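Here is a friendly walk through one protein model, from a single pair of residues out to the whole fold. Keep the viewer open as you read.

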Amino acid sequence: ALCCLAPLAAMADPAADVEQILRDIRQDEPVPQRDDLRRVASINADCAYFEGEYRGIAITVETHPNSSRVASLLLQIPGPDQTRQILPAVARVIGPPHAGDPKHAVYGWEWPAYRTASLHYAPGAGGQAGFTIVSLFYR
């Protein structure tokens with residue numbers, strides 16, 4: 001019975017997990033040393049690229065060119081739409097959204113110097129579960 005509960009326990013509080021990740025991996029700060037992040041082949045030249053998973057949340061990090069500083073962070077939480085549950089945690093770290101469409105589960109942030117963030121739900125294809133997405137990046 002415990003083997004069946006382990007995956008559920010790991011995803012017991014995705015909002016707290018998202019908040020912890022956002023506090024640990026900060027845009028324009030060096031990529032932190034985390035046991036759950038591993039360097040992988042880069043997509044963009046001169047950028048470092050990291051992937052990992054923390055309690056069922058997929059993490060992707062890319063650095064600025066020729067730098068160890070975080071340029072973008074992508075979190076993907078599998079399953080049903082969790083934007084409303086995760087929004088307060090995201091707002092505690094990066095501030096309240098600057099725009100939002102709660103009916104369509106879409107929230108956005110924009111700051112000077114082309115920084116932006118979003119929280120939204122991406123439904124799965126063909127009746128499959130989708131992902132709640134948190135992303136911070138430069139446009």
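Let's start with one residue pair: Arg115 has Tyr138 as its bridge partner in strand E8. This is a predicted model, so please read what follows with that in mind.

**From one bridge to a sheet**

That pair belongs to a longer match, in which E7 and strand E8 (residues 130-138) run antiparallel and are joined by eight bridges. On to the hairpin: strand E6 (residues 106-110) and strand E7 (residues 115-122) also pair in the antiparallel sense, over five bridges. Along this pairing, Val106 is bridged to His120 in E7, and Gly108 stands opposite Ser118 in E7. Four residues lie between E6 and E7 in the hairpin, and Ala113 in the turn has a positive phi of about 65°.

How many strands does the open sheet have, and in what order? There are eight, in the order E1-E2-E3-E4-E8-E7-E6-E5, with antiparallel pairing. Strand E1 (37-40) and strand E5 (99-101) stand at the edges with a single partner strand each, so one side of each has no neighbour in the sheet. On average, neighbouring strands of this sheet are turned by 15° against each other, direction ignored.

**Helices on the sheet**

Two helices that pack on the sheet are set out here.

| Helix | Strands touched | Angle between directions |
|---|---|---|
| H2 (residues 14-24) | E2 (49-54), E3 (57-63), E4 (70-79) and E8 | about 170° with E4 |
| H3 (residues 83-94) | E4, E6, E7 and E8 | about 165° with E7 |

**The nonpolar core**

In soluble globular proteins, nonpolar side chains tend to be buried together. Here the largest nonpolar core has 29 residues, and those with the most contacts inside it are Val18, Leu22, Val61, Leu75, Val90, Trp109 and Val134. H2, E3, E4, H3, E6, E7 and E8 are the elements that give two or more residues to this core. Which element gives the most? It is H3, with six residues.

Leu75 is a good residue to click on. Leaving aside residues up to four places away in sequence, Leu75 touches Val18, Ile21, Leu22, Ile57, Ala58, Ile59, Thr132, Ile133 and Val134.

**Rings and charges**

A search of the whole structure for aromatic pairs finds zero. Charges do sit over rings, though: the charged end of Arg34 is over the ring of Tyr54, 5.2 Å from its centre. Back at our starting residue, the charged end of Arg115 sits over the ring of Trp111, 4.6 Å from the ring centre.

Technical notes: Residues are numbered from 1 along each chain as its sequence is written. This is a predicted model: local features need pLDDT of at least 70, side-chain atom pairs count only at pLDDT 80 or more; totals for chains, interfaces and linings use all residues. Side-chain values use heavy atoms; hydrogens and water are left out. Two strands pair if DSSP finds at least two bridges between them. Axes are lines fitted to C-alpha atoms, for helices over the stretch in contact, and angles run from 0 to 180 degrees between N-to-C directions. Contact means heavy atoms within 4.5 Å. Rings of Phe, Tyr and Trp (its six-membered ring) pair if their centres lie within 6.5 Å; planes under 30 degrees apart count as stacked, over 60 as edge-to-face and the rest as tilted. A charge sits over a ring if NZ of Lys or CZ of Arg is within 6 Å of the ring centre and within 35 degrees of the ring normal. A nonpolar core is a set of buried Ala, Val, Leu, Ile, Met, Phe, Trp, Tyr and Cys residues joined through side-chain atoms within 4.5 Å. Buried means under 20% relative accessible area, exposed over 50%, partly exposed in between (1.4 Å probe, protein chains only).
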